[in-house]
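Please work through the exercises below with the sequence and the structure open beside you. Try each task on your own before you read its solution.

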Amino acid sequence: MGLTNSSVGIKAVDSGLVIQKQSPDDRVVALAGNPNVGKSTVFNGLTGMNQHTGNWPGKTVTNAQGCCSTKSHAYVMVDIPGTYSLMAHSAEEEVARNFICFGDPDAVVVVCDATCLERNLNLVLQTIEISPRVVVCVNLMDEAKRKNIKINLELLSTRLGVPVVGTTARKKKSLRILMDSLDQVCSGPAQRAPFAVRYADAIEASIAQLEPLVKEKCGGKLNSRWLSLKLLDQDESLIREINAYLGERFLQDNTLQNAIAQAKTILMDRGIENEDQLKDLTVSALVQSAETICQGAITYEDRQYAAADRKLDKILTSKLTGYPVMIALLALVFWLTITGANYPSQLLSNGLFWIQDRLTEFFAYIHAPAWLHGVLVLGVYRVLAWVVSVMLPPMAIFFPLFTLLEDAGYLPRIAYNLDKPFKRCCACGKQALCMCMGFGCNAAGIIGCRIIDSPRERLLAILTNNFVPCNGRFPTLIAILTMFFVGTSGGAFSSLLSALLLTGIIVLGVAITLVVTKVLSKTLLKGMPSSFTLELPPYRKPQIGKVIVRSIFDRTLFVLGRAICVAAPAGLVIWLMANISVGGISVLNHCASFLDPFARLMGLDGVILIAFVLGFPANEIVIPIIIMAYMAQGSILELDSLVEMRNLFLQNGWTWITAVSTMLFSLNHWPCSTTLLTIKKETGSWKWTAIAAAIPTAVGVAVCILFTTITRVFA
Amino acid sequence: MNEHFCLNDITPGQHAVVSALQSTGSMRRRLLDIGLIENTDVECLGRSPGGDPSAFLIRGAVIAIRSEDCENILIHAS
């Protein structure tokens with residue numbers, strides 16, 4: 001028993017997921033649950049890991065695993081995507097279902113939302129049908145308590161026949177009782193018979209007809225009652241998995257096929273003529289069972305428990321205030337980012353360039369050759385210093401702020417607000433959620449597109465994600481805005497203006513997203529908007545301290561680390577290009593002058609365009625490359641403030657048209673290499689990856705040429 | 001209200017009970033999954049700024065559904 005890598009189950013679950021046991025005795029536990037019930041928080045609490053958490057359904061789209069242990073057992077916990085049921089509809093739900101059904105976990109913990117327990121029981125009941133080794137973890141007990149919802153856990157446990165424990169995953173202590181129950185479940189045979197859902201008479205009769213044979217044929221590998229029901233249902237994707245798990249011979253068996261046909265006749269005779277009717281009756285039985293189980297076990301002492309949420313929803317999603325509040329919040333986040341980042345950015349830059357001077361002295365002291373000093377200090381170190389001082393402060397402020405909004409539950413409201421415009425473009429509002437993720441990192445945004453069910457709409461979201469500037473591009477935009485449009489004098493007013501302009505750029509990005517989505521829907525990806533449901537979770541008070549710590553350590557430092565890894569070699573290459581001459585002109589100048597005529601057409605110059613090309617590994621290094629290239633040609637050697645940077649740019653012929661064009665091209669150009677690789681992985685096609693690179697580039701070139709031509713005519 | 005009303009016909013604040021589900025395919029399964037079966041009580045909570053989709057309280061959870069999908073959810077007075 002247990003998991004072996006050779007077993008078809010595990011490998012088929014999610015490409016890349018191989019259960020890593022520390023020892024063969026480790027028990028594998030799946031953490032299942034409806035979307036957004038705090039599974040990842042439970043997971044983090046148990047394993048001490050830091051899976052990203054957020055208050056919106058669909059945050060976890062892949063399986064994650066971690067270890068934890070008690071006195072009696074060591075466990076490998078697997079955090080699987082949230083799902084309402086095990087009758088999979090979307091890619092990520094299929095991942096969840098396959099793991100529970102065919103991943104052979106030793107136990108399943110179904111995490112439930114205490115404030116919405118009845119609906120959560122649907123999944124619990126379906127899980128119990130497959131495996132009796134289930135622990136129901138009623139999470140968010142603190143929220144239920146605040147809302148005066150009383151839950152009788154013992155009564156529920158008696159009725160369900162499996163352990164039911166209440167937890168508040170944010171408080172680690174409450175998880176101990178969960179582990180105790182898990183030990184119990186894993187230690188011996190089930191004590192009680194778990195609750196069996198009773199279906200309509202016709203279904204029960206046909207199951208009774210089929211089950212003995214199924215039991216004999218599948219040899220105890222799967223629960224025979226569950227398998228019988230699923231065989232009657234003939235769900236295509238499930239049948240595929242059953243074939244992979246039990247071998248194709250299982251379903252090709254003639255006696256079994258005959259028995260299935262016979263069982264179906266029983267259904268037909270009693271008026272259940274197709275799979276849809278069967279599914280309806282199955283689900284109805286589940287929902288009704290959940291209702292019965294909850295009767296008397298859950299009491300709402302305050303019918304108006306969600307009044308505060310409704311009031312907030314009125315402000316955040318109403319016709320009058322929905323959009324203005326959304327834009328105001330965006331501007332507020334930018335304003336805080338820009339204002340807050342200004343001072344530390346300056347401080348960091350001073351500090352880092354002070355170190356550069358000391359490094360230069362050191363190199364002079366040891367009589368290092370000039371080229372070595374050039375490569376290491378003026379090349380590698382200086383680009384690194386730029387990336388760190390320009391990027392770190394805005395990110396360290398933006399990420400936590402954004403995570404606060406995410407934790408509070410605002411993101412699904414954005415999707416709700418924007419569904420109508422997206423529907424007009426034959427797409428869906430969940431695309432807005434992917435865009436929000438794209439603010440952090442487009443690669444993350446593209447993985448997040450898995451929450452969209454319809455493959456067509458998912459592809460639309462993937463292809464257009466790059467129109468939202470990621471964190472690598474924000475500093476570029478902020479720096480240019482500050483230098484050319486707001487003034488570098490600082491002050492609350494100028495940072496407010498920067499924030500408003502930046503918000504304008506984002507709104508432009510959203511507008512372009514909508515237009516491109518619409519054009520794609522009418523050409524390459526023809527189709528109608530599919531139906532959609534979106535859950536709007538209760539608002540939660542974010543854990544501010546934790547959010548700040550986690551978003552700095554998990555996201556900011558991670559992204560910064562990546563940028564540094566790219567920036568260091570890029571600094572080297574750039575320095576070499578700027579300092580190796582062919583025919584008296586540096587390689588960089590050769591390249592720049594080659595691109596120059598075309599770049600001028602777009603309102604840029606050759607250096608800027610080459611910076612974007614060289615910034616392909618990471619957008620963060622675009623501005624440092626421009627600076628380095630200009631400095632190699634110019635006379636300024638010290639550059640430690642935006643004022644000097646502005647002077648450098650002006651010396652090299654920048655006008656406000658250049659600045660706007662650079663920002664436009666930053667917003668619309670090819671995605672970075674990481675993003676493109678992610679697109680390849682998600683779409684499985686080089687064709688779509690190429691299209692994903694071509695669309696924003698074409699848009700960028702067109703928009704820049706259009707803008708430059710028009711302004712030159714009028715200026 | 002009689003049997004011919006659909007979910008679009010209740011305005012924010014109003015309750016109704018589902019009498020039949022006419023949706024098909026994956027939408028039908030999705031709605032069933034969230035517990036929207038016959039005789040389920042539904043309350044309309046509000047509409048998004050564009051007027052569509054609308055938010056409904058279904059078995060303790062707030063779910064946004066588009067108007068064309070609401071057309072397939074028949075209701076009667078609670």
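What follows is a set of exercises on a predicted model, each with a solution in steps.

**Exercise 1. Confidence in chain A**

Find the mean pLDDT of chain A, and then say where in residues 1–16 the confidence stands relative to 50.

Solution. Begin with the chain as a whole: the mean pLDDT of chain A is 85, and 93% of its residues reach 70 or more. Then turn to the start of the chain, where pLDDT stays under 50 over residues 1–16 of chain A. For this stretch the model has 30 contacts beyond four places in sequence.

**Exercise 2. The open sheet of chain A**

Work out the order of the 6 strands in the open sheet of chain A, and decide which strands stand at its edges.

Solution. As a first step, recall how strands are held to one another: strands of a sheet pair through backbone hydrogen bonds, either parallel or antiparallel. In this sheet of chain A the order is S2-S3-S1-S4-S5-S7, and the pairing is mixed. The edge strands are S2 and S7 (164–166) of chain A, since each of them pairs on one side only. From one strand to the next, the twist averages 25°.

The second step is to look at helix H7 (residues 176–187) of chain A, which packs on the sheet and touches S1, S4, S5 (134–139) and S7 of chain A. The direction of H7(A) makes about 170° with that of S5(A).

The third step is to see both kinds of pairing for yourself. Strand S2 (residues 64–69) and strand S3 (residues 74–79) of chain A run antiparallel and are joined by 6 bridges, with Ala64(A) having Asp79(A) as its bridge partner. The connection from S2(A) to S3(A) is a hairpin of 4 residues. By contrast, strand S1 (residues 27–33) and strand S4 (residues 107–113) of chain A run parallel and share 5 bridges, and here Gly33(A) stands opposite Val111(A).

Finally, look at the loop between helix H3 (91–102) and S4 of chain A, where Asp104(A) has its place. Phi of Asp104(A) is near 50°, a positive value in a residue other than glycine.

**Exercise 3. Two pairs of helices**

Describe how H16(A) packs with H23(A), and then how H21(A) crosses H27(A).

Solution. Two packed helices are described by the angle between their axes and the distance between the axes. For helix H16 (residues 370–408) and helix H23 (residues 544–579) of chain A, the angle is about 155° and the axes are 7 Å apart. Angles over 145 degrees count as roughly antiparallel, and H16(A) and H23(A) are therefore roughly antiparallel to each other. Their crossing is right-handed, and the residues in the contact of H16(A) with H23(A) comprise 27 nonpolar, 7 polar and 3 charged.

For helix H21 (residues 474–486) and helix H27 (residues 642–651) of chain A, the axes come within 10 Å and cross at roughly 80°, which makes H21(A) roughly perpendicular to H27(A). On the side of H21(A) the contact is made by Ala479(A), Thr482(A) and Met483(A), while H27(A) brings Leu642(A), Met645(A), Arg646(A) and Phe649(A). By class, these residues divide into 5 nonpolar, 1 polar and 1 charged.

**Exercise 4. Where the two chains meet**

Which elements of chain B each supply at least two residues of the side that touches chain A, and which strand of chain A is joined to S5(B)?

Solution. Start with the totals: 27 residues of chain B are in contact with 35 residues of chain A. Helix H1 (25–33), strand S3 (41–47) and strand S5 (61–65) of chain B each supply at least two residues of this side of chain B, and H1(B) gives the largest share, 6 residues. By class, the side of chain B that touches chain A has 13 nonpolar, 7 polar and 7 charged residues.

Next, follow the strands from one chain to the other. Strand S9 (residues 533–536) of chain A runs antiparallel to S5(B) and is joined to it by 4 bridges, with Glu535(A) opposite Ile63(B). An open sheet of 7 strands thus holds the order S9(A)-S5(B)-S4(B)-S3(B)-S2(B)-S6(B)-S1(B), with antiparallel pairing. S9 of chain A and strand S1 (5–6) of chain B stand at the edges with a single partner strand each, so one side of each is left without a neighbour in the sheet. Helix H17 (residues 411–424) of chain A lies across S9(A) and S5(B), running at about 140° to S9(A).

As a last step, note that a cis peptide bond joins Asp52(B) and Pro53(B), with omega about 0°, and that Pro53(B) has its place in the loop between S3 and S4 of chain B.

Terms used: Residues numbered from 1 in each chain as written. Chains lettered and ligands numbered in written order. Predicted model: local features only at pLDDT ≥ 70, side-chain atom pairs only at ≥ 80, totals over all residues. Pairing = 2+ DSSP bridges. Contact = placed C-beta atoms within 7 Å. Nonpolar A, V, L, I, M, F, W, Y, C, P; charged D, E, K, R; others polar. Axes fitted to C-alpha atoms, helices over the stretch in contact; angles between N-to-C directions. Parallel < 35°, antiparallel > 145°, perpendicular 65-115°, else oblique. Left-handed = near helix turned anticlockwise from the far one by under 90°. pLDDT = per-residue confidence, 0-100.
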